[in-house]
Structures are given as structure tokens and as C-alpha cells.
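I set down here, in the order of looking, what I looked up in this structure. The entries concern strands, helices and the contact between the chains.

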Amino acid sequence: MYRYDEFDATIVQERVQQFRGQVARRLAGELTEDEFRPLRLKNGLYLQLHAYMLRIAIPYGVLSSKKLRKLAYIARRYDRGFGHFTTRTNIQFHWPQLNEVPDILQHLAEVEMHSIQTSGNCIRNVTADQFAGAAADEIEDPRPWAEIVRQWSTFHPEFSYLPRKFKIAITGAADDRAAIRVHDIGLRIVQNEAGETGFEVWVGGGLGRIPILAVLCRRFLPKEHLLSYLDAILRTYNLLGRRDNIHKARIKILVQATGGEKFAAMVEEEWEKIKDGPLHLPQAEVERIHRYFAPPSYETLAEIDAEFEAARLEHRDFARWARANVVKHRIAGYAIVNVSLKPEGGTPGDVSADQMDLLADLADRFSLNEIRVTHHQNMVLPHVRKRDLYALWQQLKAAKLATPNLGFISDIISCPGLDYCTLANARSIPVAQRLSRHFSDPRKLDEIGELRLNISGCINACGHHHVGHIGILGVDKHGQEFYQVTLGGSSKDDAALGKIVGASFSEDEIVPAIDTIIQTYLANRAGRGERFVDYYRRVGMDPFKEALYGPATARRPAAE
Amino acid sequence: MALLRHGALQPNDWRFVADDAAVPDDGAVTVSLNRWQAEGEALRSRAAPTGVRLKNDETALALAADAHRLPLIELEFPKFTDGRAFSQARILRDKLGYQGELRAFGNILRDQYFYMTRCGIDAVELPDGKPTEGYLAALKEFSAWYQPASDGRTTVLELRHPANANTRRGAAPLVSESVAAHAL
């Protein structure tokens, strides 16, 4: 894991002091709320329905046990005993007092954390594959590059007042777990014909009101040129991105309006001029950063562990959890453990302070002190010996952290919705809770198989509903909360945007409607091997429409 | 208008002449890019200094042929959220090797002043009566910075790898004397 040197520590400490001054000016009345707003937003501090909300960066989703314990402390001392993990792998506290926020930042700085650029029209927290460094299908670890991007983007003098927010994701694996095609820039480490590794660069993806998948900008970028290439993209966007309409200001609109090939050509032209300048990455720095991510000292173990196999045979619940939540590790005898933050009836992504402390202890005991946060709002213990899985499971289960539902219909991504957010049109959390109760029987989950269900409380799409196999979008209909359903989305290698199934559903209708969709799939799929999204791609929307709204002849045209 | 230049309040000797007004024979003035391009010959032969005011949707590269002779280029910040001129400044300094004064005007927050200096802007115009202490204090809030920019400040990368600073590939960023003098 990266450790701050004196320079990183200085920058974060000076930021705490700067923000302390800004808060003091606000509290003394020297700054109006309007003047304070852009300053606090640059530090992840929002004013929500009931209180301020502080969003803390978890760069590329990597936490140590020490950092997680600090978050637990903050949750207890300054919030109401819990935190909420987001799709940007950040954590949000929904109840801090303004005058205490500088103290929270000071606590964070002590464990090398901050809330820099978790909001505002700047480069946001960079995300990466949550299994980085542990995944069996990895070409190279993306974390060193994510750290290089974090430093380059921190307080960037040229790119801190962009047309709109800017999100970068990096993966180094064959299977895209970082959703690179729905990011402003998506980077994938690939190998060229000469056997060298570099970046495949995607640009112009994003969700929100106008969801668009990224286009390929460059097939192979030598790694030493990463920062100059990012600079060229950002400069092109900063100069040419629209600023007249907030809803058309993301880079995706510029890329679409310019045309992908032409945009790439403009970036190349700019890049040619700067690629050998001071942004050219010195090998010494690349090596320095990589040293922090050297593999931990694994034990030499057999791939098959007898204790684990025996426990699996003996305990059906454990076997079910291991099948659903445990993933193959690149090192023999180790496993990657997904910790579901989606218990039956829970709020997706919420973790209590006690659970955080427990996870920190479990990471120390079983996972070489490491924890990851995923953009699916779950957590990961990345390096667990197979022989420890049963003991770990027992502890997780006792803390309600062992729901065996990873990648199933109850593993719901949800934004905070109208319960907290000023932008929302409808509540998301209660819908997620009711769905997770409705689909709580593990046998039922098994039967349905892989299914990604995402909920957003408004068109800004923080819950990524467009890329859910099933997406739910909260809309306002004459002051009533309604829910529009989309089918067929994906954020993986088969990236696709969901299509609207028809007229939206009331609060009372939404769970039965999802149930009808599932029953339709189960009754008609070509066997268990055909996933929900594959079935949808084969047969299209009609069977679902008919089941939901009746035969086409009897149906009124849908309002949407 | 108050003028903050090189970290101090200084008198402003320049004024902008609108396109529909006559350019006086005397006095330092700036004109629009359009006018500069249309009446360049006459403007270049003025005895008094003449600069250009660049709108933030105009390309800085339009001044490529004149960058070496212009004493002043003004950059516009119509709203503090509109950051196009940060990139214009970098292009003028790093690509065109512009050595004259770069001046920002418009809606400028104190918290942007430091970024401006990093991008090669060496003066900002502030409304009369606006307290300037905060702007000056903002220049000193940070003592380390990651990105190489147009101000010649030593970056974190160069401090981490001192040997590398001298051997880095390609040209060092072009820094005007005034900016270099301004670097803290």
C-alpha cells in the first residue's frame, strides 16, 4: 500500500489548514453561503436535506485496517455511528457539524486520508479494480498507476475549474471490474505484440442524464506517457467542453459532438507536443511508487486446502457463501473474500462503526491488513488463506456481513435518494430494502443466478441504473414517487445501456413489477446457463412488456 | 480596478479600447484579437505599448506569430467556474514561449490566484475596494505541488529525484523572467 512521503503529508496537512481557515471565515460571517459553497464543495462537503454531508476519498478503493479504524472513530465521534460507501468507492458521513469538519480532516490526515476533490468540477477520486494485486486474471496491478494519477490530479492548477466533474477508472485485468466504459477516461493495461504492457485509453463514457459508453481513443499508450496523454485529453476538454449547459458539459458530449476519431486526433496532436516534456514519467518515480505495491509475503500453500473442503461439505450455509462471495486468488491456497454490505432489509453500502472495527480486526487477522471498497458498494478482504475461510465466515456471519448474495439480485447498488439528497425525485433506499427482503431466500437467489440490479433516485444516475441488468429510476409524477424500469444494461466488457420497459410504477407496484420480470425470465429461459441479461438480449423487451402491461393489442401506448 | 502583480498592489497603466472606439496615439492599451488581426500593422507601429485581450473561446495559438513582441496579454475569467483561461495561459507560456505579462481579469476568487500563478499568469485585476490580503495569503497556503506547470516552481517529483531534474527529456518549460521572479 502507498505510504505518504514528506511531500504528500505536507500537501494534505496544508489543505487541512486552508479548509480550517475557510470554515472559520464562514462561521465568522466573512463568507456568505454562496461564496463558501465552491470552497466546501472542493473538499467534498455538501449541504443536504437535513445537514452537511462529508465525502471522504478512498483512493482506488484501498484501505488499511488502521484507516478503517479511523473511519469507525469518525463515525462514532462525529456522526451517528455509521458511514455510507458510494459507487466512487468513497465513504460519506451524513451528519457532521460544520465547525467539526476541520477536526475530522485532521484525524484523516493522521492516517494519510483526505476529502480532496471528492466533489466539484475537477478530477475526482480515481477508481480501480477492487481485486487489484490479487486477481487471478490480472495482467498488471493498476494501483501504482492509480496512485500516480491521484498525485497528478491533486490540486491540478490547470484542471480544477473544468466544465464538469471528471472521473477516471483503471483496470489491469482481463475481466473489467472497474466499469471503464462508463468513465470520462477508462484505462486498461494491455499487452502489445512485442509483449510490452501499456494502456488502452477509452474516453467519453458516463451515466447521468445522457448515458453514453466511452469510445476507444488510443489502442496502446506506452506507460511512461500516461500523464502527458491525460494532460492532452484534459486540456482539449477544458478548452472545448461546453459550459453553457450543465447537462451537456461532460466530456462525453464533446466527444460525441466532435466524433470519436476526430477527438482522438485532436488529443494526439496536443500530446505529440508535450509527450517528451516534464510530464514524461521518470523511471525512478515509477519504480518508487511500484515498490509500495510489491506483493505481500504470502505463505507457500497448496491450492487445495483440506480444512476448507471439509468445512464446505459439512456446512451448507458456508458452502453457499463460499460459492457466492469468494473469488479465486492469483496465489495458490489464497482466496479473495467479498464482504456483502447488502444484508436483507439493509441500506446498500451502510456500515456501522462496530462493523468497521470488526472488519479492521479481521483484515489484520486474515487478510494481511488490507481491505478494499468496491464500486458495487461492498468491501473486499483481498488476501485470505483458504484454511481461514471458515473462521472468517463465522465472524462475518455474526456481524451480519456474510450475506451470500454477491452478484445476485439483492446485491443492489443504490444512491442515498430522497431520504438524504436534495437532487433526488424519489426514495431509493426503501425500494432497495423491500427488494432485498422479497429476494432474501438464498435458494431463490441461486435459482435466479447472476443479476445486477441498480437504483437511482433521480436522473443524475448516482445509482448507475443505466448499467444494471435491471435498472430502477425514481421519477416525480405530479408530486408522487414513481419508478421507471430499464432492462439490459451492463458496465462490464459487454457494456450496454438499459432500455426503458414501459410506463413507470408506483411505490406499491415496483416490487411486484420486478417480481413479474423475474418470473417471466425464469419461466422462459433456455436453462440455468442463460443469465437474465443473456435471455433479455436473445428475446428482447416483448415478453416482459406483455407480462407487465398485458397483450400489446390491449395496451395503451406508454407515456414514456 | 486594483492590480495585483507579482504579489503586490501596483498601479495599472493599461486600458482596454473597445472595437468601436478609436485607438489613441499615446498610452498603453489592449485591443481585441479581432482588431489586432485586422489592424495589426497600424497597431504594431504605435509608439506606445499595445497588448491583446483574448476572449476565452479564442485560441491562444492565434497569437503564435506575435507572442515574442507582445508586452501584455489579458485573459478573461467571465465566471470563476470558467477555467478555460488556465489552459490558454499554459499554451501561451509553454508552447508559444510568451515572455510578456499575462493578466487575468473578471470574476476571480482568492483561492484561484495561486493556480493562476502556476499557469503563468503574473497579474490579476480585482474590483476596487476588494480586500487583497486574502489573495496574497492564498499564495502561501501550499508549499509543495505535484504538477510541472508554467511557473518554474520545483515540483515534488524533482525534489524526490533531484538527479532527474537535470536530465529530464525534452525542453524544460519556458518560463518568462517575470514569472520566474514571481516564483516563491
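Entry 1. I began with the working rule for strands: two strands are taken as paired if DSSP finds at least two bridges between them. I also noted that the model is a predicted one.

Entry 2. I then followed the parallel strands of chain B. Strand β5(B), residues 50-54, pairs in the parallel sense with strand β6(B), residues 72-77, over 3 bridges. Within this pairing I found B:V52 bridged to B:I73 of β6(B). On going from β6(B) to strand β7(B), residues 101-106, I counted 6 bridges, again in the parallel sense. Two of the partners I looked up were B:G106 of β7(B) for B:F77 and B:F105 of β7(B) for B:E76. I traced the connection as well: β6(B), helix α3(B) (residues 84-95) and β7(B) make a right-handed β-α-β unit.

Entry 3. I stayed with β7(B) and asked how many of its residues are buried. The strand is mostly covered, with 5 of its 6 residues buried. It runs parallel to strand β8(B), residues 123-126, and 2 bridges join them. There I saw B:R103 standing opposite B:A123 of β8(B). The chain passes from β7(B) to β8(B) by way of α4(B), and this β-α-β crossover is right-handed.

Entry 4. I turned to the contact between the chains, to which chain B gives 33 residues and chain A gives 31 residues. On the side of chain B, I asked which elements give two or more residues. They are α3, α4 (110-118) and α6 (156-160) of chain B. The largest share, 5 residues, comes from α3(B), the helix already noted between β6(B) and β7(B). I sorted this side of chain B by class and obtained 15 nonpolar, 8 polar and 10 charged residues.

Entry 5. In chain A, I looked up the sheet. Its 5 strands lie in the order β6-β7-β8-β9-β10, and the sheet is open, with mixed pairing. I asked why one side of β6(A) (127-128) and one side of β10(A) are left without a neighbour in the sheet. Both strands stand at the edges and each has a single partner strand, so one side of each has no neighbour there. For β6(A), I looked up the pairing with strand β7(A), residues 168-171, which is parallel over 2 bridges. A:A128 has A:I170 of β7(A) as its bridge partner.

Entry 6. I examined helix α7(A), residues 251-258, for burial. I listed A:I251, A:K252, A:I253, A:L254 and A:V255 as its buried residues. Their cover includes β9 (197-203), β10 (215-222), α6 (226-240) and α8 (260-274) of chain A. Just after the helix, I noted a positive phi of about 95° at A:G259.

Entry 7. Last, I took up the packing of helix α1(A), residues 6-27, against helix α4(A), residues 101-110. Their axes are 9 Å apart and the angle is about 175°. That angle makes the two helices roughly antiparallel, because angles over 145 degrees are counted so. On α1(A), I recorded A:V12, A:Q13, A:V16, A:F19, A:R20 and A:V23 in the contact. On α4(A), I recorded A:V101, A:P102, A:L105, A:Q106 and A:A109. By class, the residues of this contact are 8 nonpolar, 2 polar and 1 charged.

Methods. Residues numbered from 1 in each chain as written. Chains lettered and ligands numbered in written order. Predicted model: local features only at pLDDT ≥ 70, side-chain atom pairs only at ≥ 80, totals over all residues. Helix = DSSP H or I, 4+ residues; strand = E, 2+ residues; numbered from the N terminus. Right-handed = clockwise from strand over helix to strand, strands pointing away. Contact = placed C-beta atoms within 7 Å. Nonpolar A, V, L, I, M, F, W, Y, C, P; charged D, E, K, R; others polar. Buried ≥ 20, exposed ≤ 12 C-beta atoms within 10 Å, placed from the backbone. Axes fitted to C-alpha atoms, helices over the stretch in contact; angles between N-to-C directions. Parallel < 35°, antiparallel > 145°, perpendicular 65-115°, else oblique.
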